[in-house]
Each structure stands twice: as C-alpha cells, then as structure tokens.
Amino acid sequence: MATKHENDAVLERKVEALRPPPMYQVLLLNDDFTPMDFVILILQEHFNKDRASATQIMLKVHNEGRGVCGVFSKDIASTKVELVLTHAREYGHPLQCVMEEA
Ligand code: TYC
C-alpha cells in the first residue's frame with residue numbers, strides 16, 4: 001500500500017499534468033556599445049520581427065534598459081538566448097540576452 005508521502009507525489013504529478021507548462025520571456029538588455037542596427041538584425045533574424053517592430057523593441061531597450069523579444073517554452077527560450085549570445089560574441093558585441101519565467 002502507498003504511504004502518505006507516495007500519495008502526495010502521485011497527486012503532484014496529476015496537478016502538473018493539468019497545469020500548462022511554464023513559459024519564459026526572452027529579453028535583451030541595454031549596453032552602451034552594441035550598435036542599434038545590430039540589435040535590429042538580431043530581433044529580425046532570431047525573433048521573426050519585421051523591421052518596424054524590431055526597431056520599436058530596440059528603442060524600448062535603449063530607453064528603458066530592457067525589452068521582451070518573445071515568450072517561449074523553457075527549451076526554446078534557452079536555445080534563443082544561447083544563439084543570440086553566440087551571434088553577438090562572433091561580431092564582438094557585449095549584447096546581453098536573458099530569460100525569465102513569464
Ligand atoms: N544602447 C545602444 C547604443 O546606443 C543600443 C542598444 C540597444 C544596445 C538595445 C543593446 O539591447 C540593446 N548603441
């Protein structure tokens with residue numbers, strides 16, 4: 001027979017199965033060195049933004065310090081962060097990209 005503790009684990013698994021998976025925002029952070037045009041390209045290439053909305057997001061980051069690029073599952077968000085950071089470092093820019101639970 002299952003112990004009380006085992007029953008708790010089974011209940012928690014059932015609750016988890018019903019809850020939608022947690023989602024994560026991917027954000028860009030401002031810095032003084034990354035060129036504005038490079039940030040716009042990042043938003044177009046990695047987050048599927050058109051030039052107008054990429055420009056808006058870049059300016060929001062520039063003026064307010066951070067801005068949301070998109071909301072994704074944990075694995076996709078984490079891969080986006082890694083690809084953006086790799087891309088930025090290849091071009092020698094200090095651009096920072098992070099993820100946060102939405
Ligand atoms: N602040 C940068 C500049 O003046 C532009 C910039 C925007 C950098 C957004 C990073 O995430 C960023 N060139």
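The shell around the ligand in this predicted model comprises seven nonpolar residues, three polar residues and one charged residue. The residues concerned are L28, L29, N30, D31, T34, M36, V39, M58, V61, H62 and L95. With Asp counted as charged, the charged member of this list is D31. The polar members are N30, T34 and H62.

Three secondary-structure elements, namely β1 (23-29), α2 (36-47) and α3 (51-64), each contribute at least two residues to the shell. The largest contribution is that of α3, which supplies three residues. Within the limits of α3 (51-64) fall M58, V61 and H62, whereas L28 and L29 lie in β1 (23-29). M36 and V39 belong to α2 (36-47).

Polar contacts to the ligand involve both backbone and side-chain atoms of the protein. An oxygen atom of the ligand is placed 2.8 Å from a backbone N or O atom of L29. On the side-chain part, an N or O atom of N30 lies 2.8 Å from a nitrogen atom of the ligand. The side chain of H62 likewise has an N or O atom 2.9 Å from a ligand nitrogen atom. The ligand taken alone exposes 350 Å², of which the protein buries 89%.

Two of the elements that supply the shell, α2 and α3, also approach one another. Their axes come within 9 Å and cross at roughly 125 degrees. Angles from over 115 degrees up to 145 degrees count as oblique, and α2 is therefore oblique to α3. The crossing of α2 past α3 is right-handed.

Note on methods:
Residues numbered from 1 in each chain as written. Predicted model: local features only at pLDDT ≥ 70, side-chain atom pairs only at ≥ 80, totals over all residues. Heavy atoms only, no water. Near = heavy atom within 4 Å. Polar contact = N/O pair within 3.5 Å; in protein donor to acceptor, adjacent residues only side chain to side chain. Areas by Shrake-Rupley, 256 points an atom, 1.4 Å probe, with all protein chains shown as cover. Helix = DSSP H or I, 4+ residues; strand = E, 2+ residues; numbered from the N terminus. Axes fitted to C-alpha atoms, helices over the stretch in contact; angles between N-to-C directions. Parallel < 35°, antiparallel > 145°, perpendicular 65-115°, else oblique. Left-handed = near helix turned anticlockwise from the far one by under 90°.
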